[in-house]
2 protein chains.
Amino acid sequence: MTTTPTADWLRLDQQICFSLNAASRAFGGVYRVVLKDLGLTYPQYLVMLVLWERGDLPVKKLGEHLRLDSGTLSPLLKRLEAAGLVRRERSARDERSVEVRLTGEGAALRERALEVPRRIAAATGFDVDEIRELRARLDQLTAALDAAALEEMPGQGVQ
Amino acid sequence: MTTTPTADWLRLDQQICFSLNAASRAFGGVYRVVLKDLGLTYPQYLVMLVLWERGDLPVKKLGEHLRLDSGTLSPLLKRLEAAGLVRRERSARDERSVEVRLTGEGAALRERALEVPRRIAAATGFDVDEIRELRARLDQLTAALDAAALEEMPGQGVQ
DNA sequence: CGTCATTTAGTTGTGCACAACTGAATTGTG
DNA sequence: CACAATTCAGTTGTGCACAACTAAATGACG
């Protein structure tokens, strides 16, 4: 008998979600330390990563890359603007849209950020292949959960 | 040449942290749907899990199990108390301590929560062994990150 | 052309995470 | 016993996530 009794599923240490949360928060702790020099929080760092990689973007596109909506991004971008790292400019072509542009200071910060991923990777104690494998697992998990979330939506079904 | 250029480390899709965050938020989305019936948020559910498993506990112990401090737990527990699921009582023996006790209603809620883990597990699309393995990986990661966070603390060193 | 649905940022409100602090109770030490 | 250090819960302030909403601009269609 290798099946698990229902009640045991409730046991805290059986919950992946708990492990995932713990890992996520532990990451947050390491990032907090590493990013303090750059004056960035972790979500702000993610926004900067996207801008460094893809160049200037409207808020909408930024949100798609990061899976964040304007409710999260609007105040975050204001803080980045107050820090002098980005500017926000209404698009001339479409006045609904706001372009987020790196300032010189924001672009320059990339140099100092180059060592961040290596420090983080070192902190994990994982080698590159282990990281890659874990990442693949997590992405698979995310995809499954997103699909399931749609199905669970009452009266909505799958599109 | 299989080594990765430094600049590529900055690429968003190479960041485990991003995958981890995405998975964590995707989990949050599924839990939000599944727990809505119970009237619980996901962190509130975690608190209830601990209480169901371990019985009444002081806030301190609860925080140790969940890696949360009073700044997070105090308002959360107030909301659980307002919902009638727990009571908070100053310990007679040590008046600094506050015991968190399940009410009858709080204890009864466990019955309805029994199906939650199975629904979540189903949503992941992973089988029991895959879940177990992922969990082990994540716990290993968390332990490494916690250790690294201590070392990174400037001027603090390892104890 | 005018109307209406859609798109896009932004705002508001709720809840969580965490740092820094307060204040009360307890413990350790002389 | 007195008093300093520690422990514990709570509060405050900042920042993020997300739902629900607003307001303005755009686009589609009759």
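Select B:Y45 in this predicted model and display its surroundings. Leaving aside residues up to four places away in sequence, B:Y45 touches B:Y31, B:L35, B:L40, B:W52, B:A113, B:V116 and B:P117 in chain B, together with A:L10 and A:Q15 from chain A.

Next, add A:Y45, A:L62 and B:L62 to the selection. With B:Y45, these are the residues that have the most contacts inside the largest nonpolar core, a set of 106 residues. In soluble globular proteins, nonpolar side chains tend to be buried together.

Now colour the two chains separately and turn to the interface. Chain A and chain B each contribute 64 residues to the contact. Between them the chains bury about 6700 Å², with 67% of this area on carbon and sulfur atoms. Select B:W9, B:L10 and B:I16: these supply 11% of the area that chain B buries against chain A, more than any other three residues.

For the polar part of the interface, select B:E130 and A:R137. These residues form a salt bridge whose closest N and O atoms lie 3.7 Å apart. The count of salt bridges between the two chains is 2, and 14 residue pairs across the interface are in polar contact, both residues being at pLDDT 80 or more.

Finally, show chain B by helix. The elements giving two or more residues to the side that touches chain A include α2 (16-36), α3 (42-54) and α8 (128-152). Of the elements, α8(B) gives the most, with 18 residues. Coloured by class, this side of chain B shows 39 nonpolar, 10 polar and 15 charged residues.

How values were computed:
Residues are numbered from 1 along each chain as its sequence is written. Chains are lettered from A and ligands numbered from 1 in the order in which they are written. This is a predicted model: local features need pLDDT of at least 70, side-chain atom pairs count only at pLDDT 80 or more; totals for chains, interfaces and linings use all residues. Side-chain values use heavy atoms; hydrogens and water are left out. A nonpolar core is a set of buried Ala, Val, Leu, Ile, Met, Phe, Trp, Tyr and Cys residues joined through side-chain atoms within 4.5 Å. Buried means under 20% relative accessible area, exposed over 50%, partly exposed in between (1.4 Å probe, protein chains only). Contact means heavy atoms within 4.5 Å. Buried area is the accessible area (1.4 Å probe) that two parts lose on being put together, summed over both. A salt bridge is a side-chain nitrogen of Lys or Arg within 4 Å of a carboxyl oxygen of Asp or Glu. A polar contact is a pair of N or O atoms within 3.5 Å; within protein, one must be able to donate a hydrogen and the other to accept it, and residues adjacent in sequence count only if both atoms are side-chain atoms. Helices (H or I, at least four residues) and strands (E, at least two) are DSSP runs, numbered from the N terminus. Ala, Val, Leu, Ile, Met, Phe, Trp, Tyr, Cys and Pro count as nonpolar, Asp, Glu, Lys and Arg as charged, and the others, Gly among them, as polar.
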